[in-house]
Amino acid sequence: MKMPKKQKHEQDDSILRLRPHHLLCTQGYEGKGYNQEFVRNMTVIVSRLRNEDSTPIKLVFTTDSICDKCPKKVAAGICEKDLKVKMMDKKVMDCFNLEEDNYSYQEVIKKINKGMTAAMLDDICNDCSWFLESACRQNIIG
C-alpha cells in the first residue's frame, strides 16, 4: 500500500498532498464548496483521485493540495479551524493505522471503506459543516 519514499531533496509535483480527513471529504464531494476557486481546485483533485489508477498521495498534518485554494487557509500550514481539522486528521490516522507517508489513494480508500463504521464516521466528522450536506455517509458506508 505504501509508495516508495522520495529522497528529502526530491519534490514530486505529481504526488497530491492530502490531510488524512480529506480522504473522507474526497469521497463525499459533490461539487459544492466555499467559493468558485475552491470548487474548481477540489473538482480537479477529486476527478484525478476518482479516475486515475494508483494515484500517489502523501498524507500530511498540515495544509494540503485541497487547502491551497480554501478561503479558510490563514497562511502556509495554518487553517482558520486548525484545532478542529487536526483532531479529525488524528482520528483518521488512529482508526486506520496510517502515518504521515506516501500511499496509493485507491489502496488507502479501500482500507478505510472496508473498516469504517457509521459510529466511526460520526465521531470523525460530527463537527464538519459539510457532513450533513455531502454524500460522505452514502459513499463511504454504503
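**Helix 2, the sheet and the helix pairs**

Helix 2 covers residues 36-51, which is 16 residues. At 1.5 Å a residue, helix 2 should span 22 Å. Its end C-alpha atoms are 22 Å apart, so the span agrees with the expected value. The model is predicted. At the start of helix 2, Asn35 makes a polar contact through its side chain. A side-chain oxygen of Asn35 comes to within 3.2 Å of the backbone nitrogen of Glu37.

The buried residues of helix 2 are Phe38, Val39, Asn41, Met42, Ile45, Val46, Arg48 and Leu49. An α-helix has 3.6 residues a turn, so residues three or four places apart point the same way. The cover over the buried residues of helix 2 includes two strands, strand 1 (16-18) and strand 2 (56-59). It also includes helix 1 (22-28) and helix 4 (105-115).

Asn41 is part of helix 2. Its relative accessible area is 18%, under the 20% cut-off, and Asn41 therefore counts as buried. A polar atom of the Asn41 side chain lies 3.0 Å from the backbone oxygen of Ser65. Leaving aside residues up to four places away in sequence, Asn41 touches Ser65, Ile66 and Lys69.

Three strands form an open sheet in the order 1-2-5. The pairing is mixed. Strand 1 and strand 5 (102-104) stand at the edges. Each has a single partner strand, so one side of each lacks a neighbour in the sheet. On average, neighbouring strands of this sheet are turned by 40° against each other, direction ignored. Strand 2 and strand 5 run antiparallel and are joined by three bridges. Lys58 stands opposite Asn102 of strand 5.

Two helices lie across strands of this sheet. Helix 2 lies across strand 1 and strand 2. It runs at about 100° to strand 1. Helix 4 lies across strand 1, strand 2 and strand 5. The angle between helix 4 and strand 5 is about 75°.

A further packing involves helix 3 (residues 82-96) and helix 5 (residues 118-125). Their axes are 9 Å apart and meet at an angle of about 155°. Angles over 145 degrees count as roughly antiparallel, so helix 3 is roughly antiparallel to helix 5. Helix 3 contributes Met88, Lys91, Val92, Cys95 and Phe96 to the contact. Helix 5 contributes Met120, Asp123, Ile124 and Cys125.

Methods. Residues numbered from 1 in each chain as written. Predicted model: local features only at pLDDT ≥ 70, side-chain atom pairs only at ≥ 80, totals over all residues. Heavy atoms only, no water. Helix = DSSP H or I, 4+ residues; strand = E, 2+ residues; numbered from the N terminus. Expected span 1.5 Å × (residues − 1). Buried < 20%, exposed > 50% of the residue type's maximum accessible area, 1.4 Å probe, protein only. Contact = heavy atoms within 4.5 Å. Polar contact = N/O pair within 3.5 Å; in protein donor to acceptor, adjacent residues only side chain to side chain. Pairing = 2+ DSSP bridges. Axes fitted to C-alpha atoms, helices over the stretch in contact; angles between N-to-C directions. Parallel < 35°, antiparallel > 145°, perpendicular 65-115°, else oblique.
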